Every structure is written in structure tokens, then in C-alpha cells.
Amino acid sequence: MFLVPRCAVLLLVLLATGLSGCDSRPTTKETMTSEVEKPTGTVKVVVPPEVEGQWRAVTIVVQDKQNNTEKTYTVDIGSSFNLDDGSISVHTKAFLPAFIMDGVVMTSASNETENPGVQVSIFEGRQEIFHGWLFSHYPGAHAFKHPRFTFTLVDYLPAEKRVDNQ
């Protein structure tokens, strides 16, 4: 007979103890450990000297969801291309083979292709509809959403190596 009430009391004590820690909202700034501060300021792209001039072009696949087609474009870094119907143009800005973001600075940790990303601006007519990054290893990260087209970085071409004969 006494077993049921003791179990009930024990259960209530456990519930009360467990629920008392459920309100995990920090009350002071010192106790906030999970909040990440967002960097403020103008975002800057820095191509390190060991990367500068080492990459010539990128290859971007454009999928037309409306017509169920796909076309591959290889474009020099710093250049642009137009889709066949001329309504969309893609401008490549910078290529970072090992993309990292440190505060407001986007740069490359090395010249190794650990996290390749190309900065692009996409225009529909004269209106810029996207300015951001395409990543080859993580195509879904910060992916540009368009009702008709998807854009994927699939390859990157190194600059031609020059040989000094002197």
C-alpha cells in the first residue's frame, strides 16, 4: 500500500527537480554562452598573395527547371556569361580555393581546394537579383533560389604555369 504513494512522491520530486532547469534563458550577459555575435561593418573579400593569379576560370552548371535542361559554362574569373535566352547574366568576381570567413573578411586559408567558392553577381536584365557565393563542395550552402534556374559551381581551372627559360 505504501509503495504506490512513495513512487508517486518520488516521481513528483524528480519531475519538479528536472523541470526547474527547463528555463534556460540566460539572465545576464556573462551567462550567455550560446549567442554568437554577428560581425558588423562592410564585408571585404581578400584574395591572399599565394592565391592571386593562380586560378584562371570556373565552370558553372545552370539547370533550367522549366525546360528540364542543363548547360555548362566555363568562364574566366572576372568575366561574365549570358544564358541562352539572354534574360540572365552571371558575373564572376573572385575565386577562393579554401574559402573562410573571419569576421567581415572573406578570404582563402590556402591555395588548396578545401572549400572552393566563387563570388558571383547574377542579373536579370539590369537588375541584380543575387550577389553571393557558389560553393562546389557545399552547393546548398547559401544557394541562390530562382524560380527557373539553379547555379552550381562544378569545377575550377588553374592558371597556366609559365616556365622561365632564362
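Helices and strands are taken here as DSSP runs, of at least four residues for a helix and at least two for a strand. On that basis, the protein chain of this predicted model holds one helix and ten strands. Along the sequence the helix leads and the strands follow, in the pattern α-β-β-β-β-β-β-β-β-β-β. Of the 166 residues, 30% count as buried. The accessible surface amounts to about 11,800 Å², with 54% of it belonging to carbon and sulfur atoms. Among contacts between residues at least 6 apart in sequence, 50% join residues at least 24 apart.

A good place to look inside the chain is its largest nonpolar core, which has 22 residues and in which I60 and F151 have the most contacts. Two or more residues of this core come from each of β2 (55-64), β3 (69-76), β5 (88-96), β8 (117-124), β9 (127-135) and β10 (149-158). Leaving aside residues up to four places away in sequence, F151 touches I60, V61, V62, I88, V90, I122, L134 and F144. A second core, separate from this one, has five residues, including F99, M106, W133 and F135.

Strand β5 deserves a closer look, as seven of its nine residues are buried. With β4 (residues 80-82), β5 pairs in the antiparallel sense over three bridges, and S80 stands opposite H91 of β5. These two strands form a hairpin with five residues between them, and G86 in the turn has a positive phi of about 80°. Strand β5 also runs antiparallel to β8, to which seven bridges join it; here S89 stands opposite F123 in β8.

Technical notes: Residues are numbered from 1 along each chain as its sequence is written. This is a predicted model: local features need pLDDT of at least 70, side-chain atom pairs count only at pLDDT 80 or more; totals for chains, interfaces and linings use all residues. Side-chain values use heavy atoms; hydrogens and water are left out. Buried means under 20% relative accessible area, exposed over 50%, partly exposed in between (1.4 Å probe, protein chains only). Contact means heavy atoms within 4.5 Å. Accessible areas come from the Shrake-Rupley method with a 1.4 Å probe; for residues, only the protein chains shown count as cover. A nonpolar core is a set of buried Ala, Val, Leu, Ile, Met, Phe, Trp, Tyr and Cys residues joined through side-chain atoms within 4.5 Å. Two strands pair if DSSP finds at least two bridges between them.
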